[in-house]
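Got your viewer open? Load the model below and we'll walk through it together, one selection at a time.

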Amino acid sequence: MLRRSGRRSRKAGEEEEEEKSMENGVSPEQGATDASPEVGRAGDGAPAACSQPSPRVRPRLIFHTQLAHGSPTGKIEGFTNVKELYAKIAEVFDISPTEILFCTLNTHKVDMQKLLGGQIGLEDFIFAHVRGETKEVEVTKTEDALGLTITDNGAGYAFIKRIKDGSIMNRVQTVRVGDSIEAINDQSIVGCRHYEVAKMLRELPRARPFTLRLVQPKRAFDMIGQRTKSSKCPGEGKVASGKETLRLRARGTASLEEVPSAWEEEAARRVDDLLESYMGIRDVELASTMVEVARECLSPVEFAKSLDSVLGEFAFPSEFVAEVWAAISGAKGGRK
């Protein structure tokens, strides 16, 4: 379903009035119209009725996928959210959906700039990164900030998206970008959202050691000898040329939408940067949702109220909301 310009974001969990269940990633067609009027009999003077046009058939949205450490190419379709996407990939490769840590688009590498977020281009190639080795590290928190940026896959796993240079965690060589955080001090955090995990890490006491149980993405021979620079993976480096994307939501169904405008993309990038600086998380989908909310607001006060109604569970501080409004307004002022 193409997004209408000017539609206001709704409360999480609230159904769109026009949104319907999805098939193959797009909304089904409307039901058949009223039956055709009876065709007049020859000689009775009644005009012949036009035959009803056949309903327009929506194209099937089929995506190609591989396991990032190496596998045959599979095809998936019919998913409406991230959890269903993982289930479809798992079915193709005969694995459990819980084996999938995250997905990247158009590259098999652990590239955090290519993470599958809330949107998939219609020509994107999906690579699934699955569970590899489990490792446990002990760290002493000598500073307030550990230097980690956390994100999650929308299906229960939080993982490391960035490690700040010179930080505490940057000095722990065994911790890498892409590692999933499975437990903190033997307390499982599977099923927690990224902001919850980031809060737990911030609240760890200083000068006291703690342990992290991490799961790294599986690599084919640690990526040695399996792929060389000359053996490019299918779809790697390809940029989708379509003007539509499949928008996946944590709650609700997927929809076919127009590609965000240049100013909306810039606004989402700025908001994502603010999420990292304030909360220690990265979440492009969350940032995009905040831009959607702001698009319909005329003042920061209205924006704060609308944001609280849609994303109240995050309990954003007022100074953060003010900076988000300023960032979005700045991007909108320089729109292209």
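Start with the aromatic rings: this predicted model has eight aromatic pairs. Select Phe 314 and Phe 316, which form one of these pairs, and a stacked one. Their ring centres sit 5.2 Å apart, with 5 degrees between the planes. Are these two residues buried or exposed? Both Phe 314 and Phe 316 are buried.

Now add Tyr 195, Tyr 278 and Phe 320 to your selection. Together with Phe 314 and Phe 316, they make a cluster linked by ring pairs.

Keep Phe 316 highlighted, and bring in Ile 181, Leu 201 and Phe 303. These four have the most contacts inside the largest nonpolar core, which has 52 residues. In soluble globular proteins, nonpolar side chains tend to be buried together.

Next, zoom in on Leu 201. Which residues does Leu 201 touch, leaving aside those up to four places away in sequence? Look for Leu 146, Leu 148, Ile 150, Ile 181, Ile 184 and Leu 212, plus Lys 141.

There's a second core to visit, separate from that one, with 25 residues. To find it, select Leu 61, Leu 115, Ala 128 and Val 130, which are among its members.

Finally, zoom out and switch to a cartoon view. The protein chain has six helices and twelve strands. Of its 336 residues, 45% count as buried. Try the surface view too: the accessible surface comes to about 18100 Å², and carbon and sulfur atoms account for 50% of that.

Notes: Residues are numbered from 1 along each chain as its sequence is written. This is a predicted model: local features need pLDDT of at least 70, side-chain atom pairs count only at pLDDT 80 or more; totals for chains, interfaces and linings use all residues. Side-chain values use heavy atoms; hydrogens and water are left out. Helices (H or I, at least four residues) and strands (E, at least two) are DSSP runs, numbered from the N terminus. Buried means under 20% relative accessible area, exposed over 50%, partly exposed in between (1.4 Å probe, protein chains only). Accessible areas come from the Shrake-Rupley method with a 1.4 Å probe; for residues, only the protein chains shown count as cover. A nonpolar core is a set of buried Ala, Val, Leu, Ile, Met, Phe, Trp, Tyr and Cys residues joined through side-chain atoms within 4.5 Å. Contact means heavy atoms within 4.5 Å. Rings of Phe, Tyr and Trp (its six-membered ring) pair if their centres lie within 6.5 Å; planes under 30 degrees apart count as stacked, over 60 as edge-to-face and the rest as tilted.
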